[in-house]
Each structure stands twice: as C-alpha cells, then as structure tokens.
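Biologist: Please take me through one part of this model in detail. I would like the buried interior, and then whatever connects to it.

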Amino acid sequence: YAEVKKQAPNAKIPKYDYGFQLASSQNWMEYPYILVQVNKASRIPEHQLKSLPTIDLNEKIKDQAENMKSLMSSASLGKMQYDEVAHVVWITMQSDVVNVGRSQGISGLIPTETGFVQVHAYSMESNFQSYLPTFRQIITATTINPSLVYKPHWTDNSPILSGIDWGEVAGKAIVGGV
C-alpha cells in the first residue's frame with residue numbers, strides 16, 4: 001500500500017487485508033498473486049447486488065486513469081455478473097502494468113451480513129487462462145463465518161432503506177485492485 005501510494009499519491013488506493021503469491025516467487029507482488037479485502041461498511045441489499053451488473057466500471061477507471069498513469073495504462077473491466085445462487089459478483093479486468101506488461105485478473109465480491117469480502121486474482125495475460133480455474137476455485141472456496149453468511153432479508157427490495165451507493169463502493173474496490 002505504502003509503495004503504491006508513493007508512486008501514485010493522488011490515486012484512491014484501497015488497503016488489502018491479505019496477499020498471497022507463489023512460494024517460488026522471488027519478488028514482492030510477482031505475478032500471479034491474490035489480494036483479499038474485508039469490508040465491514042454495511043450489508044449490501046439484494047436488489048443492489050442484482051443491479052451491480054448494470055454499472056459501467058470502465059467510467060470509474062477513466063476517472064482514476066490520470067492518477068494511476070505511473071503504475072498502469074489501458075485498464076479495462078468486463079461486465080459484472082451476479083451469481084444469485086452462490087452470492088458472488090464476478091468481474092474480469094485487464095491492464096498494461098508499467099515495466100511489467102499486460103496483466104489480467106478476476107475478482108469475486110462475496111457479500112456478507114456486515115459488508116463483503118473481495119478476492120482479486122491476477123496473472124500475466126500470457127498465462128491467465130492456465131491460472132483461471134485455480135483462481136475461480138479459490139474465490140468460490142472462500143469460506144465466510146457462518147454467522148456472517150449472506151442471507152436475503154425482506155427489506156432488501158426497498159431502495160429507501162439503503163443509503164449507501166454500493167455500486168460506488170464496489171467500483172472503488174475493484175478499480176483499486178486493478
């Protein structure tokens with residue numbers, strides 16, 4: 001976090017709670033790697049989870065592009081997809097990382113009763129397809145404490161009862177992960 005903030009001081013960089021990379025990696029944050037963020041801001045109502053796929057996060061990337069140019073360029077995000085059965089919001093991303101090359105990633109946002117857990121998995125574009133099954137397995141195998149497992153509520157369909165713009169929150173987390 002400190003290093004990225006130093007290289008892109010005006011960018012909105014989220015803090016991550018956990019990071020993982022291969023034991024054979026020789027450098028810090030060497031591809032492939034996984035970042036995990038635990039957000040306890042507030043529970044996301046079901047109707048907002050269902051509306052996330054309608055949000056164009058590429059507009060949010062454009063807003064950050066100038067602040068991130070020392071780190072990356074040509075970033076793009078796929079369309080969010082909400083798996084209602086597994087309660088996971090999926091999104092793919094690509095970017096050109098300065099002095100590294102083209103990277104690709106997949107993120108899974110897993111809602112909880114108090115917010116969400118977001119798992120971002122990245123590799124170089126050239127070997128992303130070989131890592132993708134493992135990345136998906138890691139994201140879907142993420143276990144939430146039983147007391148925090150997401151459950152739909154009767155109030156979930158009321159936009160009035162939720163004052164948080166979860167599209168904005170999720171967008172910032174995903175863009176920061178890129």
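Modeller: What follows starts with the chain as a whole, then goes to the core, the strand β7 and its surroundings, the salt bridges and the backbone.

Note at the outset that this is a predicted model. The protein chain has 5 helices and 7 strands. Read along the sequence, their pattern is α-β-β-α-α-β-β-β-β-β-α-α. Of the 178 residues, 44% count as buried. The accessible surface comes to about 9,700 Å², and carbon and sulfur atoms hold 54% of that. Now take contacts between residues at least 6 apart in sequence: 59% of them join residues at least 24 apart.

Now the interior. The largest nonpolar core has 19 residues. Tyr 31, Leu 49, Met 80, Val 89, Ile 91, Leu 109 and Tyr 122 touch the most other members. Three elements give two or more residues to this core: β2 (33-39), β5 (88-97) and β7 (115-124). Among these, β5 gives the most, with 4 residues.

Val 89 shows the packing in detail. Set aside its neighbours within four places in sequence. Val 89 is then in contact with Leu 49, Leu 52, Met 80, Gln 81, Tyr 82, Ser 107, Gly 108 and Leu 109. There is also a second, separate core of 14 residues. Its members include Val 88, Val 119, Phe 135 and Ile 144.

Phe 135 leads to helix α4. In this helix, Phe 128, Leu 132, Phe 135 and Ile 139 are buried. The buried residues of α4 pack against β2, β5, β6 and β7. The helix geometry can be checked too. Helix α4 runs over residues 128-140, which is 13 residues. At 1.5 Å a residue it should span 18 Å, and its end C-alpha atoms are 18 Å apart, so the two values agree.

Next, strand β7, which also holds polar residues. His 120 lies in β7. Its relative accessible area is 0%, so His 120 counts as buried. The side chain of His 120 makes a polar contact of 2.5 Å with the side chain of Ser 107. Ser 107 was already listed among the contacts of Val 89. Gln 118 is in β7 as well. Gln 118 is buried because its relative accessibility is 0%. Gln 118 and Tyr 16 are 102 residues apart in sequence, yet their C-alpha atoms are 9.3 Å apart in space.

Now the charged pairs. Side chains of opposite charge can pair when their charged atoms come close. The count here is 4 salt bridges. One joins Glu 113 and Arg 43, with the closest N and O atoms 3.2 Å apart. This pair links distant parts of the chain, 70 residues apart. Glu 113 sits in the loop between β6 (101-112) and β7. Arg 43 sits in the loop between β2 and α2 (46-51). Both residues, Glu 113 and Arg 43, are buried.

Another salt bridge joins Lys 50 and Glu 84, with the closest N and O atoms 3.7 Å apart. This pair also links distant parts of the chain, 34 residues apart. Lys 50 is in helix α2, and Glu 84 is in the loop between β4 (81-83) and β5. Lys 50 has 42% relative accessibility, so Lys 50 is partly exposed. Glu 84, at 45%, is partly exposed too.

Asp 96 and Arg 102 also meet in a salt bridge, at 3.4 Å from N to O. Asp 96 is partly exposed at 26% relative accessibility. Arg 102 is partly exposed at 23%. Salt bridges with shared partners join Asp 96, Arg 102 and Glu 125 into one network.

Last, the backbone. A cis peptide bond joins Tyr 31 and Pro 32, with omega about -5 degrees. Tyr 31 is one of the core residues that touch the most other members. Pro 32 is in the loop between β1 (18-21) and β2. Met 29 is in the loop between β1 and β2. The phi of Met 29 is near 60 degrees, a positive value in a residue other than glycine. Met 29 has 30% relative accessibility, so Met 29 is partly exposed.

His 87 also has a positive phi, near 55 degrees, and is not a glycine. His 87 is in the loop between β4 and β5. Its relative accessible area is 15%; under 20% means buried, so His 87 counts as buried.

Definitions and conventions: Residues are numbered from 1 along each chain as its sequence is written. This is a predicted model: local features need pLDDT of at least 70, side-chain atom pairs count only at pLDDT 80 or more; totals for chains, interfaces and linings use all residues. Side-chain values use heavy atoms; hydrogens and water are left out. A nonpolar core is a set of buried Ala, Val, Leu, Ile, Met, Phe, Trp, Tyr and Cys residues joined through side-chain atoms within 4.5 Å. Buried means under 20% relative accessible area, exposed over 50%, partly exposed in between (1.4 Å probe, protein chains only). Contact means heavy atoms within 4.5 Å. A polar contact is a pair of N or O atoms within 3.5 Å; within protein, one must be able to donate a hydrogen and the other to accept it, and residues adjacent in sequence count only if both atoms are side-chain atoms. A salt bridge is a side-chain nitrogen of Lys or Arg within 4 Å of a carboxyl oxygen of Asp or Glu. Accessible areas come from the Shrake-Rupley method with a 1.4 Å probe; for residues, only the protein chains shown count as cover. The expected span of a helix is 1.5 Å times one less than its number of residues.
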